[in-house]
Amino acid sequence: KAKSFRIGGDLRLKGRDLSRYVRWPRYVRIQRQKKILLQRLKVPPSIHQFSRTLDKNQASELFKLLVKYQPETKAAKETRLEGVAKATAAKETTTSGPPPATLKYGLKHVTTLIEQKKAKLVVIPHDVDPIELVLWLPALCRKMNIPFVIVKGKSRLGTLTHKKTCSVVCLTAVNKEDESKLKTITDNARAQFNDVVERKWGGGIMGLKTQAKLTKRAQQLEAELAQKLEAKL
């Protein structure tokens with residue numbers, strides 16, 4: 001095979017970053033362009049509120065609590081139903097108590113629980129796409145006086161619910177031993193999210209070249225004003 005002496009070919013300079021010259025796949029280019037675009041465009045407060053998320057330590061505490069209340073998997077459900085069916089066939093008495101406390105997920109289901117004031121804590125990811133799906137949820141939670149938090153990563157919520165991603169989850173009940181932990185989290189949620197309404201616009205962050213150009217222009221204007229003032233004196 002003939003050697004290629006082009007950039008990124010067989011001869012590479014040590015310590016030189018060639019990632020600029022790589023032809024990245026289309027999906028990588030699109031996600032990078034989207035990130036830049038989201039920085040440049042001015043964003044209204046209702047969307048900008050999703051950039052303010054729960055900090056790392058609080059999020060880890062929250063997820064430790066949520067993991068305990070994961071809904072059962074398909075395999076676990078099949079095993080449980082099979083056991084119940086066998087017991088019924090053998091005419092054994094099965095004690096079917098109240099269902100265990102689990103995470104509730106799905107946009108329509110969670111919305112109904114919020115409207116009925118059954119939800120104790122609502123968890124919304126910051127990167128739902130399209131964002132319009134959950135844009136109105138914080139306002140609804142505030143209206144119904146239900147604590148909510150915004151966390152990073154819809155895929156993290158998806159892991160909890162045995163799905164790829166998840167738009168929203170909520171807790172309606174917890175075991176007695178976790179009640180104090182839930183109270184601490186809900187108090188923090190109220191202080192950080194329910195009581196603080198985002199009123200500032202986001203975005204509008206220009207690139208480094210544009211920032212340098214604007215700074216230079218501002219300095220020139222200041223210098224001209226100073227000269228005019230000196231000429232008047």
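In which loop does Asn 145 lie? Asn 145 lies in the loop between α6 and β4. The views below come from a predicted model.

**View 1. Asn 145 and His 162 are two residues with a positive phi.** Most residues other than glycine have a negative phi. Asn 145 is not a glycine, yet its phi is about 60°. Look for Asn 145 between α6 and β4. His 162 also has a positive phi, about 60°, and is not a glycine. Find His 162 in the loop between α7 and β5. Is His 162 buried, partly exposed or exposed? His 162 counts as partly exposed because its relative accessibility is 40%.

**View 2. A cis peptide bond joins Asp 129 and Pro 130.** Most peptide bonds are trans. Between Asp 129 and Pro 130, omega is about 0°. Pro 130 is found in the loop that runs between β3 and α6.

**View 3. The largest pocket has a volume of about 650 Å³.** Its lining is made up of 18 residues. Closest to the pocket centre are Leu 38, Ile 47, Phe 50, Ser 51 and His 126. Three elements give two or more residues to the lining: α1 (26–40), α2 (45–48) and β6 (202–203). Which element gives the most? That element is α1, with 3 residues. Sorted by class, the lining has 8 nonpolar residues, 5 polar residues and 5 charged residues.

**View 4. Thr 53 sits in the loop between α2 and α3.** Its relative accessible area is 19%. Buried means under 20%, so Thr 53 counts as buried. What does Thr 53 touch, leaving out residues up to four places away in sequence? Its contacts are His 126, Ile 150, Val 151, Lys 152 and Phe 193. One of these, His 126, is also among the residues closest to the centre of the largest pocket.

**View 5. The largest nonpolar core holds 41 residues.** Which members touch the most other members? They are Leu 62, Ile 114, Val 122 and Val 123. Many elements each supply at least two residues of this core. Among them are the helices α3 (56–67), α5 (107–115) and α8 (179–194). The strands β3 (121–125), β4 (148–151) and β5 (169–171) are also among them. The largest share, 5 residues, comes from α3.

**View 6. Ile 114 is one of the core residues that touch the most other members.** Residues up to four places away in sequence are not counted here. Ile 114 touches Ala 119 and Val 122. Its contacts also include Leu 137, Leu 140, Cys 141, Met 144 and Ile 146.

**View 7. Cys 141 and Cys 166 are both buried.** Cys 141 has a relative accessible area of 0%. For Cys 166 the value is 6%. How many disulfides does a search of the whole structure find? The search finds 0. Why does Cys 141 have no such bond? The closest cysteine sulfur, in Cys 170, is 9.0 Å from the sulfur of Cys 141, so the pair is too far for a bond. For Cys 166, the closest cysteine sulfur is also in Cys 170. That sulfur is 10 Å away, so this pair is too far for a bond as well. A disulfide needs two cysteine sulfur atoms within 2.5 Å.

Technical notes. Residues numbered from 1 in each chain as written. Predicted model: local features only at pLDDT ≥ 70, side-chain atom pairs only at ≥ 80, totals over all residues. Heavy atoms only, no water. 1 Å grid on protein atoms, 1.4 Å probe; cavity = no way out; pocket = protein on both sides within 12 Å on 5 of 7 lines; lining within 4 Å. Points joined across faces, edges and corners; volume = space filled by probe spheres on them. Helix = DSSP H or I, 4+ residues; strand = E, 2+ residues; numbered from the N terminus. Nonpolar A, V, L, I, M, F, W, Y, C, P; charged D, E, K, R; others polar. Core = buried A, V, L, I, M, F, W, Y, C linked by side-chain atoms within 4.5 Å. Buried < 20%, exposed > 50% of the residue type's maximum accessible area, 1.4 Å probe, protein only. Contact = heavy atoms within 4.5 Å.
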